[in-house]
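Reader: I would like a close look at one strand and what surrounds it. Please keep to what can be read from the coordinates.

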Amino acid sequence: MAQNSRKASAFDSGMQRIGEILTLLYRTLYFSTVAHRNLKGIIQQMSEIGVESVPMVSLMAIFTGMVMGLQAGHELLKFQAQEFLGVGVAATLVRELGPVLTGLIVAGRAGAAMTAEIGTMQVSEEVDALRSMAIDPVKYLVMPRFIAAMIVMPLLTILTDVIGIGGGFLIGRAQLGVRLSAYVGHMVDFVTLKDISNGIIKSVIFGGIIAIIGCYQGLKTEGGARGVGKATTLSVVDSFILILISDYFITHILY
Amino acid sequence: MESEISIRVKKLTKSFNGNKVLDNLDIEIRKGETLGILGKSGIGKSVFLKHIIGLMKPDSGEVYIGAIDIVPLPETEISIIRRMLFGMLFQTGALLNSLSVGENVALPLREGTGLTDAKINNKVKEKLELVGLKDIEDQMPDSLSGGMRRRVGLARALVMDPKIILYDEPTSGLDPIIANSINYMILEVKKVTGATSIVVTHDLNCMNIIADRVGLLYDGKIMALDEKEKFLNSKNPYVQQFIHGKIEGPIKIG
């Protein structure tokens, strides 16, 4: 009996959380219509979410590309098809790994930072202070982060794709003797514009997820420094899960 | 006019995790007065203030600002009332750390009005001077002392020329000299603005200097409420225990 009611309340609080997240998304979209009035805030967030993620994303991309070159290259070598390495690396990166890995890195870096910052503001009454001054925290804090994340995520994803493809070529060239013309030539033949645009669409959606979850957990923070730590962990975990689940469904819809 | 009621709270009840913090609380605040609410730490003084400005929704009860009960209003409408009437000084100032002092004070004007930069800057200067600060617009909140943070917080609360000012523990954590300077600053603000003020505190000295009437909050209710002199001389056992800091008495410790 007690167990049943515990299950029911866990279900209820889960549903309540989804409801709250959707409400936050709706209100953020509503305030996005006046985004042009806070360009300064958006640009600042683009710098924090985007520019500062570049080193980490680049590092991840080059090694991902290199390990793919290594793995795929040796398989292709068995069939004397190493010329097609470029296709394998590019298709995997552009369609899947680029947006997903970039999303996970940005969630871990920028999403966590959003939660920690807004969560600290929440527990130190700064969010209440905003409301007391008739400033909507969703408009002032969430909207700029949301817009900025959706702009920088595709840019970072393109960066991942390009660097990753470069990393693949480095290994192909050094270990398998693949020529640049063949690597790029086959790639251009096989990777379609649709692959690229679908990857970009995914990355925009992941950007939105990271910002909404990061801000939601921040605004929900209670209980001092410990609460901030807890919220930050939850933010990263929830973003990861949502990125991975939504990746499947977006792929399903787009292809 | 003197006795015109500005704020009326009726049967205000609020629980957190089954713990009743406000329990059918009734109180009336007169226009232009400074009402002090005393109470021991953690008794719900801040919760009470946050209900007056609509930052929290009660479980039941009514909060009339003038003739309007703000409890059933949606956030957007409460927000309009806040912009027109309210200013609040939070416990440690609650300045936004990412903005300079000047940007903090200017924030309500930038977000809520269409004033030009020049007008905003003038207004920021004027309010900072009212709280005794000069030429600190470019400093960051991190570099300010506790007393300065309160002053800047108050300047920010005053920048929209509020009719009602709420003070949450304005002197807590400050040394007696700085605390007193804040007390006299609150008096000065009162003189200049004529605003209705509510101050919650456990600092008796603060209460002595600034309040016209004093109430004691305990067990979710206002246990005593009177003109300051009468309050301090009252035979009420709760009041006597609180103002003399007695360990024995009706107020439980812990």
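Author: What follows describes strand β8 of chain B and its surroundings in a predicted model.

Strand β8(B) covers residues 196-201, and six of its six residues are buried, so the strand is largely enclosed by the rest of the structure. In a regular strand the side chains alternate between the two faces of the sheet. Here Thr196(B), Ile198(B) and Val200(B) point one way, while Ser197(B), Val199(B) and Thr201(B) point the other way. Both sets are buried.

The strand has partners in β3(B) and β7(B). Strand β3(B), residues 34-38, pairs with β8(B) in the parallel sense over five bridges, and Gly36(B) stands opposite Val199(B). Strand β7(B), residues 164-168, is also parallel to β8(B), again over five bridges; there Asp168(B) stands opposite Val200(B). From β7(B) the chain reaches β8(B) by way of helix α6(B), residues 176-193, in a right-handed β-α-β crossover.

These strands belong to an open sheet of six strands with mixed pairing, in the order β6-β7-β8-β3-β9-β10 of chain B. At its edges are β6(B) and β10(B), each of which pairs on one side only. From one strand to the next the twist averages 15°. Towards the β10(B) edge, strand β9(B), residues 213-218, runs antiparallel to β10(B), with six bridges joining them. In that pair Glu227(B) of β10(B) is the bridge partner of Arg213(B).

Two helices of chain B on this sheet can be added. Helix α1(B), residues 45-52, packs on the sheet and touches β3, β6, β7, β8 and β9 of chain B. The direction of α1(B) makes about 155° with that of β8(B). Helix α5(B), residues 146-158, lies across β6 and β7 of chain B and runs at about 170° to β6(B).

The contacts of Ile52(B) lead back to the strand. Among the residues that Ile52(B) touches are Ile198(B) and Leu166(B), together with Val9(B), Ile29(B), Val63(B) and Phe86(B). Ile52(B) and Phe48(B) have the most contacts inside the largest nonpolar core, which has 93 residues. Helix α6 of chain A, residues 137-176, gives the most to this core, with 12 residues. Apart from it lies another core, of 31 residues, including Ile136(B), Leu144(B), Ile165(B) and Ile186(B).

Notes:
Residues are numbered from 1 along each chain as its sequence is written. Chains are lettered from A and ligands numbered from 1 in the order in which they are written. This is a predicted model: local features need pLDDT of at least 70, side-chain atom pairs count only at pLDDT 80 or more; totals for chains, interfaces and linings use all residues. Side-chain values use heavy atoms; hydrogens and water are left out. Buried means under 20% relative accessible area, exposed over 50%, partly exposed in between (1.4 Å probe, protein chains only). Helices (H or I, at least four residues) and strands (E, at least two) are DSSP runs, numbered from the N terminus. Two strands pair if DSSP finds at least two bridges between them. A crossover is right-handed if, with the strands pointing away from the viewer, the path from the first strand over the helix to the second runs clockwise. A nonpolar core is a set of buried Ala, Val, Leu, Ile, Met, Phe, Trp, Tyr and Cys residues joined through side-chain atoms within 4.5 Å. Contact means heavy atoms within 4.5 Å. Axes are lines fitted to C-alpha atoms, for helices over the stretch in contact, and angles run from 0 to 180 degrees between N-to-C directions. Lists of a residue's contacts leave out its neighbours within four places in sequence.
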